[in-house]
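Reader: I am a first-year student, and I would like a close look at the aromatic rings in this protein. Please start with one ring and then show me what lies around the others.

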Amino acid sequence: MTSSNMKKLIFILIIQVCLMPALLYAQPKWAGKAAKSVFTLKTFKQDGSLLASGNGFFIGNEGEAVSNFSPFVGASRAVIIDASGKEMKVECITGANDLYDVARFRVSGKVSGLPVATTTTTGSTAWVLPYSANKSARSQQGTIEKIDKAGDYDYYTLAMQMPENTVGCPLLNENGEAIGIMQLSVGDSNKSYAIAVQFALGLKITGLSFNEQVYKSTSVKKDLPNELEQAIVALYVSGPQMTKESYREMIDDFIRKFPTAADGYTYRAQEEVNDNLFDDADRDMQQAVKMASKKDEAHFSFAKLIFQKEIFKNDRTYSGWTLDKAIAEADEAYRINPLSSYLELKGRILFAQKKYAEAYDVYQRLTTSDLNASEMFFNASRCKEMLGDHTAQLALLDSTINRTSRPFTRETAAYLFIRAQAYEGQEKYRQAISDYNEYEQVMRSSLNGQFYYIRSQAEVKARLFQQALNDLSKAIELEPRNTLFLAEKASLEVRVNLSDAAIETAQKLIVIDSQLSDGYLFLGIAQCQKGQKTEGLRNLQKAKELGNPQADKLITKYQ
């Protein structure tokens, strides 16, 4: 090589070395515009103090944004600060996943969002764009080394070293489209990770999401589902776990989102009734009837609300809200759409008005409807009970149980207990005991001493004394300090001349309550039965001193 050519080569190498930094740090042409879409996220506690910070970026022009979720945990409110320094309130969370630390949310106002890519490939070049308040942040270039799956979505491993303050920032392709959300890097410092933006877009809030821990972990407002039925579920499940103010705001959001659904007005009216704001509640229910696309549902909800108010807040009168008004609303709902549930509500209102014959007629019609036949027969039986027709009551209870599916559940077993008591009222004690026995088989694990005491009384009346004693023993086993059970057992033992057993039971009763006369009374009787008259009369005298009205006659008898 000639001296001249050597000098030329050295000159070219020097130029390349000098230009290398510029080549390495050259920014894509879209970087300046894309930087406007990146922001910093700040969250705050209930007392207004700063809780945490993070990064994120806009993915739409209507305020839709994504970030990492962890700053929201424990937060009461959140704001973002965009690249120009403008602060915007986070209106609501629209999706969240704590496993991959991803949040999607909406801010108020117009924004500049990044276009989102649907896919990318292994080996392609990607850039991470950090947040900068003066839009001067420089993107960092790397290569997508591996693509794994997070469910149906891509999870990227990048040959790139990134600082922690880029978590939540966008990963972009060569066209400036967002392909991923940067994740916290762990392990190899030369590797970085990102979850596909499509993962965030796939997050969806349903009615039951409000019971999920990820959403319960933050007090920042969550968006309502877009589907009416799911939004109704959200209203139903959220009330008990939200503050009154937050729940009221949620109801207002529901009404704005679904103005022709009666449910929102009804839920708000219910809150107003709870606060005794009956004028407001009436206006909301009138609006529900006016706006609802399904007028029958609105009238039905109006009837239920009036009924509930008249039953549970009848100490507060409100002109126009009466049980007659509730029936009128239920009738109108049934006229528009003859559903059995509307007629059933009318039956309940008539029963509350003590119009038992009219209520019976309603329930009798409903026994052949699509409603639960057992329940309708049972309601009809209650009407006959209140009318004093116990023969009809028992016949209807038979129909109730005959139409109940086997085996009995804990709910349906209640019919057996009620029929048993009805049998007792008709002095059909053995039939009552049979129902009590079947009830016991279903409810055995949750029965208390009171049940065995009740059955023992029927057994005594049926002269099944040994069974009665067994039940009283079981009752005492479950509640050993119950003086009523001990006194009943001692009394029955005296009655069947089990004097030794009666003495033992009576002594236990005295130990538990020495000021109760029954213990001394039955102890005295049992001792006298055994011929121990001196001790027996002394105990009968003690019972007399404690005010027992039977003691005086017994003292005379045994003297």
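Author: F417 is buried: its relative accessibility is 17%, and the limit for calling a residue buried is under 20%. That value comes from a predicted model. Y439 falls under the limit as well, with a relative accessible area of 14%, and therefore counts as buried.

To place these residues, begin with the aromatic pairs, of which the structure holds 23. One of them joins F351 and Y356, with ring centres 5.0 Å apart and planes at 65°, so this pair is edge-to-face. The label follows from the angle, because planes over 60 degrees apart count as edge-to-face. F351 is buried, at 16% relative accessibility, and Y356 is buried too, at 13%. In the pair of F417 and Y439 the centres lie 5.2 Å apart and the planes meet at 55°, so the pair is tilted. This pair links distant parts of the chain: F417 belongs to helix α15, residues 413-425, while Y439 belongs to helix α16, residues 429-443, and the two are 22 residues apart. In general, a pair of aromatic rings is described by two values, the distance of the centres and the angle of the planes.

Aromatic residues also gather in a group. F39, F58, F69, F72 and F105 make up one aromatic cluster. Two of its members, F72 and F105, return in the largest nonpolar core, which has 76 residues; together with I80 and V90 they touch the most other members of that core. The element that gives the most to this core is helix α9, residues 295-312, with seven residues. Around F72, leaving out residues up to four places away in sequence, the residues touched include L41, A78, V90, I93, A103, F105 and V220. The list also has S67, S217, T43 and T218 among its entries. A second core, separate from this one, has 56 residues, among them I401, V460, L486 and Y558.

Y558 leads on to helix α23, residues 551-558, where Y558 is buried along with A551, L554 and I555. Viewed down the axis of α23, the buried residues fall within an arc of 105°, so they line one face of the helix. The face turned away from that buried side carries K553, T556 and K557, which are exposed. As for the partners of the buried side, its residues pack against α21 (517-529) and α22 (533-545).

Some rings have a charge over them. The charged end of R77 sits over the ring of F44, 4.2 Å from the centre of that ring. Similarly, K309 lies over the face of F278, at 5.2 Å from the ring centre.

A few residues without rings complete the account. D471, in helix α18 (residues 465-478), is buried, with a relative accessible area of 5%. Apart from neighbours within four places in sequence, D471 is in contact with Y452, R455, S456 and E459. Among the cysteines, C169 is buried at 0% relative accessibility, and C383 is buried at 0% as well. A search of the whole structure for disulfides finds zero.

Key
Residues are numbered from 1 along each chain as its sequence is written. This is a predicted model: local features need pLDDT of at least 70, side-chain atom pairs count only at pLDDT 80 or more; totals for chains, interfaces and linings use all residues. Side-chain values use heavy atoms; hydrogens and water are left out. Helices (H or I, at least four residues) and strands (E, at least two) are DSSP runs, numbered from the N terminus. Buried means under 20% relative accessible area, exposed over 50%, partly exposed in between (1.4 Å probe, protein chains only). Contact means heavy atoms within 4.5 Å. Rings of Phe, Tyr and Trp (its six-membered ring) pair if their centres lie within 6.5 Å; planes under 30 degrees apart count as stacked, over 60 as edge-to-face and the rest as tilted. A charge sits over a ring if NZ of Lys or CZ of Arg is within 6 Å of the ring centre and within 35 degrees of the ring normal. A nonpolar core is a set of buried Ala, Val, Leu, Ile, Met, Phe, Trp, Tyr and Cys residues joined through side-chain atoms within 4.5 Å. The arc is that of the directions from the helix axis to the C-beta atoms. A disulfide is a pair of cysteine sulfur atoms within 2.5 Å.
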